[in-house]
Amino acid sequence: MPQMGGQKEGALDYGQFLSEVQANGSFTSREETEGAVASVLMAMAEVLPREQLQALATRLPPEAMVFLRRSGSEPDPLFDSHLFLGWVVSSVDATCGRDETTGGLDMTASYSGPEAIRRAQCVFSALKKRIEPDHQQVLADLLPEDVNGWFLNA
Amino acid sequence: MASVVTNDMSIVIGGDAGQGVESSGAGFCLSFARAGLHVFGMQDYHSRIRGGHNFYQIRLSEKPRLSHSNPVHLLIALTPETVRLHLDQLAEGAAGVLPERFEIDPAPLEKRGVRVDTLPLIRMAEEHGNRVMANTAALGAAAGITEFPLQFMESVIRDNFAAKGQQTVDTNLKVAEAAYGLARDRYGADFPYKLVPVDGAPRRMLMNGNQALAMGALAGGCRFVSAYPMTPATSIFEWLSGLPREYGVVTKHAEDEIAAADMAIGASFVGARGMTATSGGGFCLMVEALGLAAMTEVPMVIMLAQRGGPSNGLPTRTEQSDLLFAINASHGESPRIVTAPGTVEECFEAGWRAFNLAEKYQCPVVVMTDSFLASTLRTLDMDAIDFSSVSIDRGSTLTPQELDGLTNGYKRFEFTETGISPRALPGQHPAAAFSAASDEHDEEGHFLEEIEGRRRMMQKRMRKLREAEREMRPPKRYGPPEAETTLVCWGSSFGPCKEAADEINDAGGSANVLQFGDLWPLPEEVTAAALSECRRTVTVEQNYTSQLAKLLRMTTGIKVDGTLNKYDGRPFAPEEIVAGLGKEVVSGYAA
Amino acid sequence: MVTRLDPKLFDATTDITWCAGCGDFAILKALKLALADLGIEPYQALVVSGIGCGSKLPDYMNVNAYLTNHGRPLPIATAAKLANPDLHVIVTNGDGDSYGIGGNHFVQSCRRNPNLTHIVENNQIYGLTKGQYSPTSDKGFVTTTSPDGAIELAFNPLSVALGAGATFISRAFAGEPKHMAGLIAQGIQHRGYALIDVLQPCVTFNRTNTYDWYRKRVYHLEDEDYDPSDRKAAWEKAHEWEERIPLGVLYRVEGAPAYEDQVKALEGGSPLSRLDDLVKDPRPQQYERLKERFT
């Protein structure tokens, strides 16, 4: 599991941010790490109010900030943990290969939910290092049910 | 002149498609019915709008007849082709009429001892009305030849043409009258077959199997019919569609037979009595719907009017080749009920009974007829269709009081001893919202794949078949019990078989008929018992592979002694059955 | 006034077998909310589906659910509504079910205008059979059955619906469930056939049309100066896809009669209510005069 707490850095170095996430998640490549970061931040962008996104963006390197830009207007009030996972799962390879026995692709989708949560927490952990504890709680309160727990426990 | 035969003859009216043979023949049948004669009017036509030989063969008698019969005594030919095609069917001393513009070679006629004259039917039609009325002239001529009082023909002309206006009625009447006089003068004295009104005969209806089925369904509470036009089932749907709106029958001409069957299911799912009507090719498309209805335990009624197959086969002709298909259609194993009325009266009962069976056992019911039974007109006494005999039995459908007694946790597919679960209808009660899945499901209708759950649900469904079997009727026997030969049949073949048995017995032979009406689930014990009592069994079926014989053997282990098969699309005539006995193929495929 | 209900009334205890993150969760949620907002109780609604991942939806709700054959929910739902017009009948099925195997029923329903709400869970892929291209897959889309890329043009449900005469044509996005719930509620309130085509990412097998892919393209028609009664404009909007994808009501005809409004035989009661009456009183004499037709 990723490290909890830690010192608050004003760190704006994208490379270092990615390295932290990669280390947290034992991701094998920079691309995979960046995919995780992008999907989690985009999911957050779907659900957080604009001022919170702006506040969060100031704590992130510019390369990561772009993912927090929401193209939609107001967050959809029904946005929930399933949708949050939907964004993150999109970065998880959910198939194993061809299923030559019954046809189609061989799914690994049953792992993709826990894997997506794990990825989210890897990113959350790196984020939280850059956010004050009371602000963390504010963000958690704004995240959908279940996602707030993943965030706080990251 | 030979001795006169009164009220016992057969008439053929034939011509090209598009010459109005169908309505002329039907009008002819009705006029004889109104005169108190028993009529059996069989239509034979091609699958085309124009061209090709069509004919109506009408048997007239003072006794009820369940089949057409040969030979034919009077031929109304609208084309020379009609004479050529029906020559061999004609009795010695028979007469024929042909419009004047044709010429016929007299040699073959003389050889057979029949007389076919040309009459100026077209000229008479043109003189009093127009050329189209040549049919009317032909009918008038037929009445004249048989010296059948014109008034009966006139009453039908009035009814049939009323919608086209008084002038049309009047000119047709004039045409008929002129032809009548001419024909009576020309043939009357020499022609030995006469038709006279039957004194004191009761009023009768002239009806075909489709109409009786439709009336049965209506009386049974069917208020939703979805179908796709397909000969010979179309007229069931049309008849119900044409009812006055007060009857409240909602009919839907669907985009295809898949939708037609599914719509019947949709209406039945919510608790209405829904049905569809089709023939072989359409039934093929309905097969997946049969599985759905069985799996989700939705009562569903399919009227299956068979025709010649496979593929488009013989669209307008008769066959009984879908028996094993109807019993087995759909993948997987599921309960269903298959019945096959043999007469028009039985069609009426089959029409309403199907809905009771469907609701009682919550499964599909297929009622099988064929082109022969579906479209042949027959006279029936008014009380042969007895609406007060109809009962509506909704089986285990929950009443409002029973629904009020439900607590939460209603199980639509509850395991019961009979396999029949109490049925709530969607939208009727807050405590009875339920799920029904076409996938295997648990008692509440939710998806399930576990071993024990599957086994129990499968057993529950199939127990209904066992229950239904108890209610299935044994075969009906007609004729002397100890007969030397038993003609074993199902569906419409009963008519020709009965007539054949009568003929055999009248001639000093010994035959009876065993008619199967409830075909699936076939009641094993009573069937075996009925067959065991027979001395020599011969199945008579309008198919190639003796499907009833196979079904009997499959169910009871009993092999019939012989099989008579006909698969040319034309119904058995009793004479063919009589002639075929002794020459039948013994327990195998027909030649 | 409609009394809003708690959407939780529609919660079921069944196990949901969709993949984590599946767009169908949002559709399930939106449908529950729409029904609750309209004050429709679970027993008053019938949700009919076909076969496929999305077609499992009715089994995951507390409602009258009928999970039928592949491609067939529309005719079944149409008849259910005709037989009992008091039911709120909703169809939920996928793009393969609606536009492929059930394509004819879809086209016929558009021109037939039964009073149904049709929610299509359109993920541009066959999910339950594990990743084959669907009628709405974009040309060139590579799957196990289109290894060189799909050759056919993608089926355009909105323009087909428009061409076939549908009276309510809309599109939602699974990423915006509240917006979708609003469209579903409008669809339920619409008298006639209402299509809600939902862009619904398949997170397992469609790695192209993801939440992000849609998010970058979707926009709301209601945010623009757009008149959903304008057929020509709707035709234009129905063909927007590559760069911008419109959400909302593309086309709506107000006041057109639904199919069942025009069925004369329904005027005195439904097939169901008439059967109830017959059970109490079979009235054989009512039929007697029919016999006269045969004499």
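Of the 2 pairs of chains that touch, B and C share the most contacts, a contact being two residues whose C-beta atoms, placed from the backbone, lie within 7 Å. Chains A and B have no contact joining them, and their closest C-alpha atoms are 17 Å apart. Keep in mind that this is a predicted model, where local features need pLDDT of at least 70 and side-chain atom pairs count only at pLDDT 80 or more, while totals for chains, interfaces and linings use all residues. As for labels, residues are numbered from 1 along each chain as its sequence is written, and chains are lettered from A and ligands numbered from 1 in the order in which they are written.

Let's start with chain B. Its secondary structure comes to 20 helices and 23 strands; helices here are DSSP runs of H or I with at least four residues, strands are runs of E with at least two, and both are numbered from the N terminus. With a radius of gyration of 26 Å, close to the 25 Å that the globule rule gives for 591 residues, chain B is as compact as a globular protein of that length. That radius is taken over C-alpha atoms, and the rule is 2.2 Å times the number of residues to the power 0.38. The C-alpha trace of chain B spans about 85 × 55 × 45 Å along its principal axes.

Inside chain B, 58% of the 591 residues count as buried, meaning that 20 or more other C-beta atoms lie within 10 Å of the residue's own (12 or fewer makes it exposed, anything in between partly exposed), with C-beta atoms placed from the backbone. Take contacts between residues at least 6 apart in sequence: 74% of those in chain B join residues at least 24 apart.

Now look at helix α16 of chain B, residues 451-471. Its 21 residues reach 31 Å from first C-alpha to last, close to the 30 Å expected at 1.5 Å a residue, where the expected span is 1.5 Å times one less than the number of residues. The buried residues of α16(B) are B:Met457, B:Lys460, B:Arg461, B:Lys464 and B:Ala468. An α-helix has 3.6 residues a turn, so residues three or four places apart point the same way. Among the elements covering the buried residues of α16(B) are β14 (337-339) and α13 (344-361) of chain B.

Further along is α19(B), residues 547-556, with B:Gln547, B:Leu548, B:Ala549, B:Leu551 and B:Leu552 buried. Their cover includes α12 (323-328), β19 (485-490) and α18 (524-532) of chain B. Right after α19(B) comes B:Gly557, with a positive phi near 80 degrees.
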